[in-house]
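Reader: Got a minute to walk me through this one? I'd like to know what I'm looking at before I start poking around.

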Amino acid sequence: MQKKWWHGKTAYQIYPKSFFDTNGDGIGDLRGVISKLDYLQELGIEIVWLSPVYCSPLADQGYDISDYYDIDPRFGTMADMEELISEGRKRGISIVMDLVVNHCSDEHVWFQKACADPDGPYGQYFYIRDWHEGERLPCNWRSYFGGPVWDLLPGHTDKVYFHAFHKKQPDLNWENPLLRREIYRMINWWLDKGLGGFRIDAIINIKKLLPFCDLPADRDDGLCSIKTMLARTDGVNVFLREMAEETFHRYDAFSVGEVFNEKTEDLPLIIGDDGYFSSMFDFSEHLIGMDARGWYAWTQPTAEEYKRAAFTAQKRSAGVGFFSNIIENHDEPRGVSHYLPQGERSEAAKKMIGGLNFMLRGLPFLYQGQEIGMENMDRWELSQFDDINTLDEYKVALRAGLSHEEAIAAISPYSRDNARTPFQWDGTENAGFTTGIPWLPVNPNYRTVNLLQQRGRDDSVYEFYRSLISLRKNAAYAETVVYGETEPYCCGQRNLMAYFRRGERCLLVAGNFQKEVQDMPMPGPMKKLLLNNMDKLELKEKALRLEGWQFVVMEI
Ligand code: TEU
Ligand code: CA
């Protein structure tokens, strides 16, 4: 495997709307990100992925772009963006933007031109089909945010257009070479500005099963999940290869794909030495407990499921490339709330789940607030939710027969709003995020969980993440932490997640994924203790006694 400039780094995702607000309008902004670059440098971050800040009506919080070449005034200006790139560079931080090109906004000029003249060139930028009242739609696929993927083309009664996500997110027609060229031109325009690269949104959806056709319905709405269509489609690799060659590869840019349901045999094409992406997210832990019926039927992962999913992913990527490892992002629940049982979200347990993930082979990504152990927020009324995905899943739950209360309780743990509450900087009003009214309320736990309270406190979650990151950069251990092979250890021992990282040196990473004490046999003498989330270490000759939620990294 070839070495790449980004392999040894630690990445950090910023959800700009909720990071830091500098002008009191309750919305985080680019000047807020610039003002926190020193903070990110102190933490040890070298790659920052910004969720979208392009012009957008924010129907899906910026994942609906109306102008790829400009910054939404709510977030700032192009000058701010350029300053962020150059100030980042001064601190050794590469800025990565979100690339949302499966769809754009219905307010994008391309779509407006397509509506004005569906038979003209811009009609070919989208999927538009003739349809007359009373006829069947071109296919019965269900959009990710509910309802059919087809809606009436604005201004017409006899035409429909395709949207895999919200109806304000019309899908772009990647079969059209003119559209593809426009996209590549835009990507290169940004890379010419000195951008480090892109995180590529929902990219697997760009290839549709054509011609459109009905697939077996999987719910009583008569519709079929788009995932079924994707499983039957081939050819996305051709588009992605072309995009990489026309853009990222020319700049040695960093690219990380939001890829789901990939086939193992395709991994070398995706993230191999000459792959079309540098890396892709490993979502296997997050897929645990999902159910096709809807969020109301999902279940929380167990420790054993988590461990198996992580080890399987490590094995799949071994010798091929780097997955990007996460415990959360802006679409996911907070990792500490999702993977740790209720009542067990102590600082020690938070460090354990973070440490087990961080030490896996691959590129670690932290999501803003993860480094201080931010948690899901309890919500009990529909009006407390903002996210369009959650509002749809509420309806799905009601249709399945749940009461209002049951529906809210069932969907709340999975709501995308959990990860989107403002960053908790300190214990003052609104957690120091804004002097105005935050666009989404702050998690009330901010008085105890906040950065100010943790910075400089040796045993805090924050200082623990700093130690993890500095171990990854430590000259003596970096080769092993970054490139060492992962080898599961004592895999059959219940609720113990332990593994070796074998490179120039040999590290043993172990976490007791339960509240009860347990003993782990020692594979040999300990040379050096590198990290421990507790004060004590009960090491006998042949066994290590791990307290509930204890996590250690040692050289052996
Ligand atoms: O998500 C794409 C995706 O595949 C979704 O299924 C995602 O897992 C789901 O929304 C979770 O509830 C990306 C972005 O990350 C997401 O924020 C956007 O809403 C979506 O694309 C559309 O751009
Ligand atoms: Ca603002």
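Author: Here is a walk through the metal site, the other ligand, one helix and a few odd backbone spots. This is a predicted model, where local features need pLDDT of at least 70, side-chain atom pairs count only at pLDDT 80 or more, and totals for chains, interfaces and linings use all residues. Residues are numbered from 1 along each chain as its sequence is written, chains are lettered from A and ligands numbered from 1 in the order in which they are written, and side-chain values use heavy atoms, with hydrogens and water left out.

Reader: OK, metal first. What coordinates the calcium ion (ligand 2)?

Author: D21 (OD), N23 (OD1), D25 (OD), I27 (O) and D29 (OD) do, at 2.3 Å. Donors here are N, O and S atoms within 2.8 Å of the metal, or 3.2 Å for Na, K and Ca; water is not among the atoms, so sites may look incomplete.

Reader: And which spacing do those donors follow along the chain?

Author: The calcium ion (ligand 2) has donors spaced D-x1-N-x1-D-x1-I-x1-D.

Reader: Is I27 buried or exposed?

Author: I27 is buried, because its relative accessible area is 13%. Buried means under 20% relative accessible area, exposed over 50% and partly exposed in between, with a 1.4 Å probe and protein chains only. D25 is partly exposed, since its relative accessibility is 36%.

Reader: Switching to ligand 1. Which residues come nearest?

Author: Of the 17 residues around ligand 1, the nearest are D60, D201, D331, N389 and R416. Being near takes a heavy atom within 4 Å.

Reader: What about polar side-chain atoms close to an oxygen atom of ligand 1, say from D331?

Author: For D331 the distance is 2.5 Å. H330 has a polar side-chain atom 2.9 Å from an oxygen atom of ligand 1, and for E258 that distance is 3.1 Å. The protein covers 92% of the 490 Å² of accessible area that ligand 1 has on its own. Those areas come from the Shrake-Rupley method with a 1.4 Å probe; for residues, only the protein chains shown count as cover.

Reader: N389 was on that list. Where's helix 13, and how many residues has it?

Author: Helix 13 covers residues 388–399, so 12 residues, and spans 17 Å from first C-alpha to last, close to the 16 Å expected at 1.5 Å a residue. That expected span is 1.5 Å times one less than the number of residues. Helices (H or I, at least four residues) and strands (E, at least two) are DSSP runs, numbered from the N terminus.

Reader: What caps the N-terminal end of helix 13?

Author: D387 does, with a side-chain oxygen 3.1 Å from the backbone nitrogen of N389. Buried residues of helix 13 include N389 and Y394, and helix 14 (404–411) is among what covers the buried ones. Contact means heavy atoms within 4.5 Å. Just after helix 13, G401 has a positive phi of about 105°.

Reader: Any odd backbone elsewhere? What joins L210 and P211?

Author: A cis peptide bond, with omega about -5°. P211 sits in the loop between strand 10 (197–200) and strand 11 (224–225). L58, not a glycine, has a positive phi of about 60°.

Reader: And why does A431 count as buried?

Author: Because its relative accessibility is 0%. A431 also has a positive phi, near 55°, and lies in the loop between helix 14 and helix 15 (451–454).

Key
A polar contact is a pair of N or O atoms within 3.5 Å; within protein, one must be able to donate a hydrogen and the other to accept it, and residues adjacent in sequence count only if both atoms are side-chain atoms.
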